[in-house]
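Hi,

Here is the structure I said I would pass on. Have a look at it first, and then read on for what turned up.

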Amino acid sequence: MSDGAVDALAVQTSFAQQSLWLQHQIDPDLPTYNVTGILRLSGPLDTAVLEAALNLVVDRHEVLRTVFELRDGAPVQIIRRHRPLTVPVSRIRPTDLSQAVKAEAGRLFDLGEGPLLRLSLLRLGQEAHVALLVMHHIITDGVSSTLLLDELAAQYEALLSGMPLEFPEQPIQYADFAVWQRNLLSGAHLARLNGYWTDRLAGLAPLELPADRPRPAVPSGRGAVHRFVMPAALITRLQELGRRRRATLFMVILAGLNVVLARCSGQRDVAVTTPMAGRIRPELESLIGCFVNPTVVRTAVAVEASFGDLLEQVKHNCTGDFDHQEMPFDRVLELARAQRSDADPARVILALQNMGRPVLRAAGLVFEQLDVDTGTAKADLLFDIEPGAGDYPARLEYRTDLFDRSTAERMAASLLTVLDTVASDPSLRLSRIPLPEPVRGRRAIRAGGSAPSEREAATGGRQADPVETQRVVAELPGVEAAAVVIQESTLVAFVVPEPDTRFDGGRLLDLAAERLPDGKVPERFVELEELPRLSSGGIDYGRLAGEKAGQTNSPNGYVAPRTPFEREIASMWAELLDADRVGVHDGFFELGGQSLIAVRLTARILDEFDVELTVRDLYMNDTVAETAWLVMRRIVEE
């Protein structure tokens, strides 16, 4: 797609780009989606030739000279003419290498200004350099980064030989893929995908892993990496188990990870997200761009089943989910949260790479990829495993908001223990598979401090399951209906009293304590006129989980806007969300709002009140009353 005489060309984004752009609007100050490649360059290096080679690659791929703007309420790609990039060189001491890498990897990109990639060199000696290639995920993925390095090395060698390399002309560019994808995901095909994922994600609860600290209201994005090894002998045994069961190595490892997660959390409904390459057509194989699309695999873990039974289920689920991998991940999240507002299927990610890290050679220069710890985390837990000639190197990236290094180490050890055990005996019941005691025995930590001393939210090494507690509470005298959820790692019971019955939370607490062990007794009872319901008729547990104590006795209660600010903002919500009536305590996202609509709302607020809010501001102040108060406060401050 040539931009001819024009300086730039505007094209719609792919779904992955739109999702990453929106995430950047929510957390613009976090480098979470910086993709960093660290290369040790050994041998004689001509920095001017390397810079020229980089510019040839950028000229060949439009996406590498693309920036992003908001137009008509949606982000668009702006493909620019090629503007030559420079490759700065800094001399550093080897002892300063780690700090220099982290600083460069954490430097933020401006998606509207660009460029969205940079290459810099750290000179350690005459023939010893480290190259830092940093790109924003919105223009690349793992496969694309490998393609870029391959082309860079090939162009470098060709330029040094005096014979510039002529790659075959690209039949399409990434922007063509974005347009094709938008056209593909429409009509009957989109309806089929919607139907499949709506069924697969119905009622999916977030995975609540026991953590060392409470989950913060606003994640910092900070993370760390624990590196470990999957021994070659274990890999061979797992592959043999897979062959006997007609399952891939990925399926075997995923089944083992499901056992660890179910045992640690006490939950039997486990969702793990895995990245799919997304290059579903041959002409996409040589393109650079963001094609990767995460896919959710949901598994019911029955503790009395055998590992072989679990593996059969995982194999069946993977087959179906991978057949429907074209559904953009942000759409999958919308479907999950439409049924349960606190759904979060991407807390745990498992990635098994297709290949290890090759060593490239060009004109006497050796390019060797190094591992990097950027100090960020994309999920609560991300298990990343690479093939090796013998052992498989693995890394566990984890959120330091939640977990200590020792916890991450135990998680990795637990995975290895489970896989080693089932490789020997796949007929073993899941409840009989040994786990390190510190992992099984950890407790969920409540927000604001230590675990509660009387009525813990976890017992026997597992987080309390609200299902049993809800069954008991619903059968208490004077209770017409009940729902139990976990709030800030403690059980909260929402109760609808029987007609003509006075609500007495203290009495209900005493009755529940007589019928339940300490770890399963609710810490608080809340009276409701009725339970909030989904459109399907089921209880909206997500809304209950997000209810603020003392805010209202009825989640379904309507309170009309009371001030000019509230009326104006409620009117904006009603128009953007196509809602007939919006009350001051209604939640933007509970009414069907999502990130792109939130971006449009911030633009409307800027136009109307000359107040600049971020999408993160709306996540933190998601009712009409809270947003109106925030707008008024900003006006006063300015």
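Before the charges come up, a word on how they are counted: Lys and Arg are taken as positive and Asp and Glu as negative, while His and the chain ends are left out. With that in hand, the protein has 67 positive and 88 negative charges, and the mean positions of the two sets lie 5 Å apart. Do keep in mind that this is a predicted model.

Now for the overall picture. The chain folds into 19 helices and 20 strands. Its radius of gyration is 27 Å, close to the 26 Å that the globule rule gives for 638 residues, so the protein is as compact as a globular protein of that length. If you want a feel for the dimensions, the C-alpha atoms fill a box of roughly 90 × 65 × 50 Å along the principal axes.

As for inside and outside, 52% of the 638 residues count as buried. The surface the protein exposes comes to about 28000 Å², with 49% of that supplied by carbon and sulfur atoms. Looking at contacts with a separation of 6 or more, 73% are between residues 24 or more positions apart.

One stretch has a label from a record: UniProt, in an unreviewed entry, lists residues 560-635 as "domain: Carrier". In the model, that stretch is 62% helix and 0% strand, and its end C-alpha atoms are 23 Å apart.

I also picked out three residues for you to click on.

Glu151 sits in helix 4, which covers residues 142-160. Is Glu151 buried or exposed? Its relative accessibility is 7%, so Glu151 counts as buried, the cut-off being under 20%. Setting aside neighbours within four places in sequence, Glu151 is in contact with Val57, Arg60, His61, Phe167 and Ser286.

Arg337 belongs to helix 10 (residues 329-339). At 36% relative accessibility, Arg337 counts as partly exposed. Again leaving out neighbours within four places in sequence, Arg337 is in contact with Ala343 and Asp344. How far is Arg337 from Asp59 in space? The C-alpha atoms of Arg337 and Asp59 are 41 Å apart, with their positions 278 residues apart in sequence.

Ile486 is part of strand 18, residues 479-487. Its relative accessibility of 23% makes Ile486 partly exposed. Leu544 is 58 residues away from Ile486 along the chain, and their C-alpha atoms are separated by 9.1 Å.

That's it from me. Happy browsing!

Key. Residues are numbered from 1 along each chain as its sequence is written. This is a predicted model: local features need pLDDT of at least 70, side-chain atom pairs count only at pLDDT 80 or more; totals for chains, interfaces and linings use all residues. Side-chain values use heavy atoms; hydrogens and water are left out. Helices (H or I, at least four residues) and strands (E, at least two) are DSSP runs, numbered from the N terminus. The radius of gyration is taken over C-alpha atoms; the globule rule is 2.2 Å times the number of residues to the power 0.38. Buried means under 20% relative accessible area, exposed over 50%, partly exposed in between (1.4 Å probe, protein chains only). Contact means heavy atoms within 4.5 Å. Accessible areas come from the Shrake-Rupley method with a 1.4 Å probe; for residues, only the protein chains shown count as cover. The place of a charge is taken as NZ of Lys, CZ of Arg, CG of Asp or CD of Glu. UniProt positions are given in the numbering used here, feature names are shortened, and annotations may be inferred rather than shown by experiment.
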